[in-house]
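Q: I would like a close look at a single part of this model, with its surroundings worked through in order. Please keep to what can be read from the coordinates and the record.

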Amino acid sequence: MHSKEQINHEEYQQTADWLLSRTKQRPLVAIICGSGLGLLADTLKAQESFNYTEIPGFPHSTVQGHAGRLVFGELKGRSCVCMQGRFHMYEGHSLAQTLIVTNAAGSLADGYQPGDIMIIKDHVNFPGLSGLSPLTGPNDDKLGPRFPAMSSVYDKGLRRLAHALLDQMGVASLVHEGVYAMVGGPNFETVAEARLLHSLGVDAVGMSTTPEVLVASHCGLRVFGLSLITNKVLKRYTTTTIMLYTSQEVLSRS
Ligand SMILES: O=P(O)(O)O[C@@H]1C[C@H](O)[C@@H](CO)O1
């Protein structure tokens with residue numbers, strides 16, 4: 001998705017050529033860092049970073065807490081690229097074999113607690129169901145098919161591997177696997193909306209991720225996604241507690 005209506009193949013190529021000429025790194029893994037999770041990029045070894053504003057044809061980050069930088073480097077000996085700042089649909093607006101995407105999300109599933117991690121098994125793309133998709137517009141067949149299947153987007157092997165690793169790390173009790181839903185935002189959910197989402201089988205809700213995942217899946221990337229649960233979404237009317245989540249609160253929790 002982009003502030004322009006459509007990016008053509010030549011423009012993608014121009015961006016890719018610029019990056020290829022400026023770094024010798026050739027990552028096979030791309031990581032999109034969600035709000036407050038950009039610190040991961042700072043841990044990369046042999047870092048080379050580029051501000052989004054200097055990369056030709058690249059959109060600019062407008063959200064607080066998103067640095068707006070593409071950081072190349074090594075993570076545990078593997079070359080990867082991190083996006084310190086992503087693009088949300090509400091702002092009006094991928095290079096690898098595998099896309100790893102993270103987000104901050106509110107939980108609807110009863111057993112989830114703030115601080116837990118949800119491995120994304122599947123998603124409900126509400127903007128897409130109402131016709132707002134990053135795949136809208138003339139299809140570039142060089143990238144992927146006009147009508148891509150979405151029945152197994154989140155790679156099963158990577159999910160299994162993540163469970164095994166998190167188990168080894170001794171944090172299995174904090175880990176869930178569930179369904180993420182993207183809503184348009186930027187407001188949080190009403191109680192009625194939370195109940196609706198829960199009744200539809202949604203375990204965690206956020207305002208991002210599915211557009212990037214659709215684009216990645218469309219062009220054949222393996223996708224792995226994690227939600228960090230920052231808050232529980234209120235599903236009951238209550239007079240005793242006022243649950244008010246601010247973007248700042250979500251940031252500080254993530
Ligand atoms: O970039 P992410 O999705 O992690 O950003 C968080 C979640 C919502 O999109 C927004 C409001 O909390 O910030």
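Between which two elements is the loop in which T209 lies?

A: This is a predicted model, and what follows should be read as such. T209 lies in the loop between β8 and α6, the latter running over residues 210-218. The chain around this loop has seven helices and nine strands. Of its 254 residues, 44% count as buried.

T209 itself has a relative accessibility of 0%; the limit for buried is under 20%, so T209 counts as buried. Leaving out residues up to four places away in sequence, T209 touches R86, V101, T102, N103, I120 and Y180. The backbone of T209 also deserves a check: its phi is positive, about 75°, although T209 is not a glycine. Most residues other than glycine have a negative phi.

One of the residues touched by T209 is R86. R86 is found in the loop between β4 (78-84) and β5 (98-107). With a relative accessible area of 2%, R86 is buried. Its side chain reaches the backbone oxygen of T102 at 2.8 Å, and T102 is also among the residues that T209 touches. F87 is found in the loop between β4 and β5 as well, and F87 is buried, at a relative accessible area of 14%.

R86 also leads to the ligand. There are 12 residues around the ligand, and those that come nearest are S35, R86, H88, A104 and S208. Three polar approaches to ligand oxygen can be listed. A polar side-chain atom of S208 lies 2.6 Å from an oxygen atom of the ligand. From the side chain of S35, an N or O atom is 2.9 Å from a ligand oxygen. In the case of A104 the atom belongs to the backbone: an N or O there lies 2.9 Å from an oxygen of the ligand. Taken alone, the ligand exposes 330 Å², and the protein buries 93% of that.

The record can be set beside this. In an unreviewed entry, the UniProt annotation "binding site" covers S35, H66, R86, F87, H88, A104 and S208. T209 is not in that list, though T209 does touch R86.

UniProt also places the feature "binding site", again from an unreviewed entry, at E189 and N231. These two span 43 residues in sequence, yet their C-alpha atoms are not more than 12.0 Å apart, so they gather at one spot. N231 lies in strand β9, residues 222-232, and counts as buried at 4% relative accessibility. E189 is found in the loop between β7 (175-182) and α5 (191-199). At 19% relative accessibility E189 counts as buried, because the limit is under 20%. Leaving aside neighbours within four places in sequence, E189 is in contact with V183, A194, L197, V205 and V233.

Two of those contacts, A194 and L197, are also buried residues of α5, together with V191. The three cover an arc of only 125° around the axis, which puts them on the same side of α5. The general rule behind this is that an α-helix has 3.6 residues a turn, so residues three or four places apart point the same way. The buried residues of α5 pack against α3 (126-129), β7 and β8 (204-206). β8 is one end of the loop that holds T209. After α5 comes G201, whose phi is positive, near 90°.

The loop between β7 and α5 has further points to inspect. P186 is found in this loop, and the peptide bond from G185 to P186 is cis, with omega near 0°. Most peptide bonds are trans. G184 is found in the loop too; at 29% relative accessibility, G184 counts as partly exposed. G184 and N125 are 59 residues apart in sequence, but 9.5 Å apart in space from C-alpha to C-alpha.

K76 offers a contrast to T209. K76 has a positive phi of about 50° although it is not a glycine, and K76 is found in the loop between β3 (69-75) and β4. At 83% relative accessibility K76 counts as exposed, whereas T209, at 0%, counts as buried.

Methods: Residues are numbered from 1 along each chain as its sequence is written. This is a predicted model: local features need pLDDT of at least 70, side-chain atom pairs count only at pLDDT 80 or more; totals for chains, interfaces and linings use all residues. Side-chain values use heavy atoms; hydrogens and water are left out. UniProt positions are given in the numbering used here, feature names are shortened, and annotations may be inferred rather than shown by experiment. Helices (H or I, at least four residues) and strands (E, at least two) are DSSP runs, numbered from the N terminus. Buried means under 20% relative accessible area, exposed over 50%, partly exposed in between (1.4 Å probe, protein chains only). Contact means heavy atoms within 4.5 Å. The arc is that of the directions from the helix axis to the C-beta atoms. A residue is near a molecule or strand if one of its heavy atoms lies within 4 Å of it. A polar contact is a pair of N or O atoms within 3.5 Å; within protein, one must be able to donate a hydrogen and the other to accept it, and residues adjacent in sequence count only if both atoms are side-chain atoms. Accessible areas come from the Shrake-Rupley method with a 1.4 Å probe; for residues, only the protein chains shown count as cover.
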